[in-house]
There are 2 protein chains.
Amino acid sequence: MQNLSPLIQNFILHFGEMGSRWGINRTVGQIYALLYVSDRPLNADEIAEMLDFSRSNVSMGLKELESWRLTRLQHLPGDRREYFSAPEDVWAIFKTLAEERKKREVDPTLTMLRGAVIENVTTQSDQFAQQRMKAMHDLIELVSGWFGDVHRLDQDTLVQLMKLGSKVQKLLELKGKLKVVAVGKLGSKKS
Amino acid sequence: MQNLSPLIQNFILHFGEMGSRWGINRTVGQIYALLYVSDRPLNADEIAEMLDFSRSNVSMGLKELESWRLTRLQHLPGDRREYFSAPEDVWAIFKTLAEERKKREVDPTLTMLRGAVIENVTTQSDQFAQQRMKAMHDLIELVSGWFGDVHRLDQDTLVQLMKLGSKVQKLLELKGKLKVVAVGKLGSKKS
DNA sequence: CACAATTTTCAGTAATTACTGAAATTACAT
DNA sequence: ATGTAATTTCAGTAATTACTGAAAATTGTG
């Protein structure tokens, strides 16, 4: 790792730490970080050399990153080795990550909760538990559904919305008023 | 764990699994799940007994949950033991979790990136890396700032926004048009 | 098709993280 | 204060997860 500048080393180490807090192992985090800041695609041997991991560890790490759809694979002319890079668009990366986590963690949880909630239960404590599970289910469904919606927005709209921040409240109030006026003066229309 | 109904067992086991994927250990996930569905506060001995963990493991788990601000502690009259429960409001739980993760993971990352971006670098590759870090920094800052904003909204507004989903785009377009009209007919006003 | 280059797999080992029981500490009642 | 109940700490151990090197499989080339 001495072949890397301190700037890059630092970034890679931080990412490794963060990776492990997120259930992604340190190695994988570091490989991703390296690809992310690299100005050219790298092959597995280069990665192993730069991060001082075994070749097989890199192979596994890359496979893991692939399963998260976080790497791009390409070939260089006259070179049989595979070259890896991280997609450039940070928004796209963010979305991919969100999608994958949803698929792997949120969806199975929703399935479990849905199953639990339709179960026929008799005891007091099961009834209480079920009610709690329902509350959790509804929240997760609302939030994840909304994530899906937002996901479909084009990037500019999304950025606009985010920059609006809590001022969105004003806008929602305005919307409410408009509907009232419309209904009041003209009768009900589709929103 | 045989003292728990299958409905609850299943929920607890699922949460344990999910916990470990999120860098929270299985035990802690299970303790939380148990508290979440319990219709009354539990003391540490009860938890240890119900989940079949050692008393000390429960103690550590509860401490961990406390550090995430996910438990409520209370005393029952005429009983010296401490009783734990999970806050009822699922929205509040969600927010607490988001806040804690932001504090522990996002903020340190932002700090690191900010530091990296203001560094004076000379090489080609460092310049490229820096540009990538800037892009990541800006995205994280935008998203987390927005999270903070949304956080401050009252729950009803938030639910309204989420239910609006991608129709928010229409609303944003409307906002744009209103501004144009206002500017065109009356001159610039505060939005 | 044979061979060389490259990548993947996997059994063994290392490192890390989780868990326990015993001891120490703290909190509370008399 | 003293004793007892409750909780926490922590060193040792168990379990899990990560990593390696060697072997196998795959891929591409003449």
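The residues of the surface near DNA strand C fall into three classes: five nonpolar, nine polar and eight charged. This is a predicted model. Chains A and B also meet each other, with 52 residues from chain A and 52 residues from chain B in the contact.

**Around DNA strand C**
- Of the 22 residues around the strand, those that come nearest are Ser56(A), Asn25(B), Thr27(B), Ser56(B) and Asn57(B).
- Chain A brings helix 3 (44-51) and helix 4 (55-67) to this surface, and chain B brings helix 2 (26-37) and helix 4 (55-67).
- Each of these helices supplies at least two residues.
- Helix 4 of chain A has the largest share, six residues.

**Where chain B touches chain A**
- The contact draws 52 residues from each of the chains, A and B.
- On the chain B side, at least two residues each come from helix 1 (6-21), helix 2, helix 5 (90-118), helix 6 (124-152), helix 7 (155-164) and helix 8 (168-186).
- Helix 6 of chain B gives the most, with 16 residues.
- By class, the chain B side holds 29 nonpolar, 14 polar and nine charged residues.

**A closer look at Gly23(B)**
- Gly23(B) sits in the loop between helix 1 and helix 2 of chain B.
- Across the contact, Gly23(B) touches Ser20(A), Arg21(A), Trp22(A) and Gly23(A).
- Gly23(B) has 16 other C-beta atoms within 10 Å, so it counts as partly exposed.
- That class lies between buried, at 20 or more, and exposed, at 12 or fewer.
- Gly23(B) and Phe147(B) are 124 residues apart along the chain, and 22 Å separates their C-alpha atoms.

Definitions and conventions:
Residues are numbered from 1 along each chain as its sequence is written. Chains are lettered from A and ligands numbered from 1 in the order in which they are written. This is a predicted model: local features need pLDDT of at least 70, side-chain atom pairs count only at pLDDT 80 or more; totals for chains, interfaces and linings use all residues. A residue is near a molecule or strand if its C-beta atom, placed from the backbone, lies within 6 Å of it. Helices (H or I, at least four residues) and strands (E, at least two) are DSSP runs, numbered from the N terminus. Ala, Val, Leu, Ile, Met, Phe, Trp, Tyr, Cys and Pro count as nonpolar, Asp, Glu, Lys and Arg as charged, and the others, Gly among them, as polar. Two residues are in contact if their C-beta atoms, placed from the backbone, lie within 7 Å. Lists of a residue's contacts leave out its neighbours within four places in sequence.
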